[in-house]
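Colleague: I would like to request a close look at one part of this model. Please set out the overall layout beforehand, so that the details can be placed.

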Amino acid sequence: MSPLKRFQPGYEPPARSRDSALLFAVRGMDLLVSEHDGRLDLPRGLALPESSASAHFLGMLDDTDCYAAPMPGDFTPPEGLKFVPARSLYKQVDEATFAVAGRALAICEWDLNHRFCGKCGAATQLVPGERARRCPVDHTPFYPRIAPAVIVLITRGDEMLLARNASFPEPFFSTVAGFVDAGESLEETVLREVKEEVGVDLKNVTYFGSQPWPFGRSLMVGFMAEYAGGDVVVDGKEIAEARWFGVDDLPRIPPRLSIARHLIDTFIDRVKARRA
C-alpha cells in the first residue's frame, strides 16, 4: 500500500519552475484532466504554460507544487485534455489530491467573483502573503467566502432518522443539514433545522467533526443527537420523505466521501459493537 499523501497549504508561490506542478484548471465545477485507459489525471503546468503563469499557488502535495487556475467559459482545451465534473475524480485520485481539487474550486470561484470591488466597482488587486483581494480605492478586502452549515444524525435506540431531499438528482436518504443563520450558534441551528425539516425535537446534541465541502462552498459541521419527542413531519419543500431505519435495513445512503456517510457509518459501528 502506498503511503498517504500530505498537503501543506501555502500562499506565496515558490521561485521555481511550474512546469512539473499539478495544475487544477477550473471552469465552474469542472476540472481539466487527461484520460488514459479509463484513468483520469491532472495536467502539469507545462501543458498550459500561460494559465500556469497566472495561477494561484495552493501549497505542496508531498513535494509537488499545486496551482489553481480559473479558466474562461470559452476556453477550448488542447488535444488530449477535457473538462469533467470535479466529483468524478472521487476514487480516481487519492483522497489528498481530491481534497486539493475541492480547495481549487473554491479559490477559483473567489478569484472570479471578486475581480471588482462590490462597493465602488474598481478592479481589485491580489494581496501578497494571504488569500485576499483588496480594492485600491477604498481598501475593502475580499476573502474566500465559506458558508457554515450543520449536518446531524438523529438517533433513537438502534435506529436513525434519515431524510430524502426533494432536490437530490438521485433518490437516496441522508442526514438532516442546513445553513447557519445570522446570530445563531451551531447548536441552535441544529435544533431549528431539524424542527423545520422533519418536525422532531432533540436532546444530547454532541459535536462529531467537520468537513470542507467545495460543492457548495461550505464548511459542514457534523453533530449527533438523540430523539427527544415529536412526530416526523416533513416540510414538503426541502425534504420529500423521512423515516426511521435500523442498521440492518438501510436505504440507499450517501457515498463515503461525505461527512453524512461518516456519521451514519460511525453509528452503525457503535450499534454493532453493542450487540457483539
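How far apart do the C-alpha centres of domain 2 and domain 3 lie? With that settled, please concentrate on strand 6: which residues of strand 6 point one way and which the other way?

Modeller: The model is a predicted one, and the C-alpha centres of domain 2 and domain 3 are 37 Å apart in it. The chain is divided into domain 1 (3-113), domain 2 (115-144) and domain 3 (147-275).

Strand 6 covers residues 64-70, and seven of its seven residues are buried. Thr64, Cys66, Ala68 and Pro70 point one way, whereas Asp65, Tyr67 and Ala69 point the other way. In a regular strand, side chains alternate between the two faces of the sheet.

Two pairings involve strand 6. With strand 2 (residues 22-27) the sense is parallel, over five bridges, and Phe24 stands opposite Ala68 there. With strand 5 the sense is antiparallel, again over five bridges, and here Gly59 is found opposite Cys66. Strands 5 and 6 form a hairpin with two residues between the strands, in which Asp62 takes a positive phi near 55°.

The partner strand 5 (residues 56-61) also contains His56. His56 counts as buried because its relative accessibility is 8%, below the 20% limit used for that term. Leaving out residues up to four places away in sequence, His56 touches Cys66, Tyr67, Ala68 and Pro70, and also Ile107, Trp110, Asp111, Leu126 and Arg131. With Asp111 there is a polar contact between the two side chains, at 3.0 Å. By contrast, the C-alpha atoms of His56 and Arg261 are separated by 32 Å, the two residues being 205 apart along the chain.

One of the residues touched by His56 is Leu126, and strand 8 consists of residues 125-126. Strand 8 belongs to an open sheet of three strands, in the order 8-9-10 with antiparallel pairing. Strand 8 and strand 10 (141-142) are at the edges with a single partner strand each, so one side of each has no neighbour in the sheet. Strand 9 (residues 133-134) pairs with strand 10 over two bridges, and the bridge partner of Arg133 is Phe142.

Phe24, the residue opposite Ala68, leads from strand 6 to the wider packing. The largest nonpolar core has 45 residues, and Phe24 is among those with the most contacts inside it, as are Leu31, Leu58, Leu89, Leu153, Met160 and Leu162. Helix 2 (residues 95-113) supplies the largest share of this core, nine residues. Because domain 1 and domain 3 both give residues to the core, it lies between them. A second, separate core has 17 residues, including Ile154, Val190, Val221 and Ala225.

Within the largest core, Leu89 gives an example of the packing. Apart from its neighbours within four places in sequence, Leu89 is in contact with Leu31, Val33, Leu40, Leu42, Val84 and Phe98.

For a contrasting site, one may turn to Ser258, in the loop between strand 16 (239-246) and helix 4 (259-275). Ser258 also counts as buried, at 9% relative accessibility. With residues up to four places away in sequence set aside, Ser258 touches Gln211 and Trp213.

Terms used: Residues numbered from 1 in each chain as written. Predicted model: local features only at pLDDT ≥ 70, side-chain atom pairs only at ≥ 80, totals over all residues. Heavy atoms only, no water. Core = buried A, V, L, I, M, F, W, Y, C linked by side-chain atoms within 4.5 Å. Buried < 20%, exposed > 50% of the residue type's maximum accessible area, 1.4 Å probe, protein only. Helix = DSSP H or I, 4+ residues; strand = E, 2+ residues; numbered from the N terminus. Domains from an automatic or database assignment. Contact = heavy atoms within 4.5 Å. Polar contact = N/O pair within 3.5 Å; in protein donor to acceptor, adjacent residues only side chain to side chain. Pairing = 2+ DSSP bridges.
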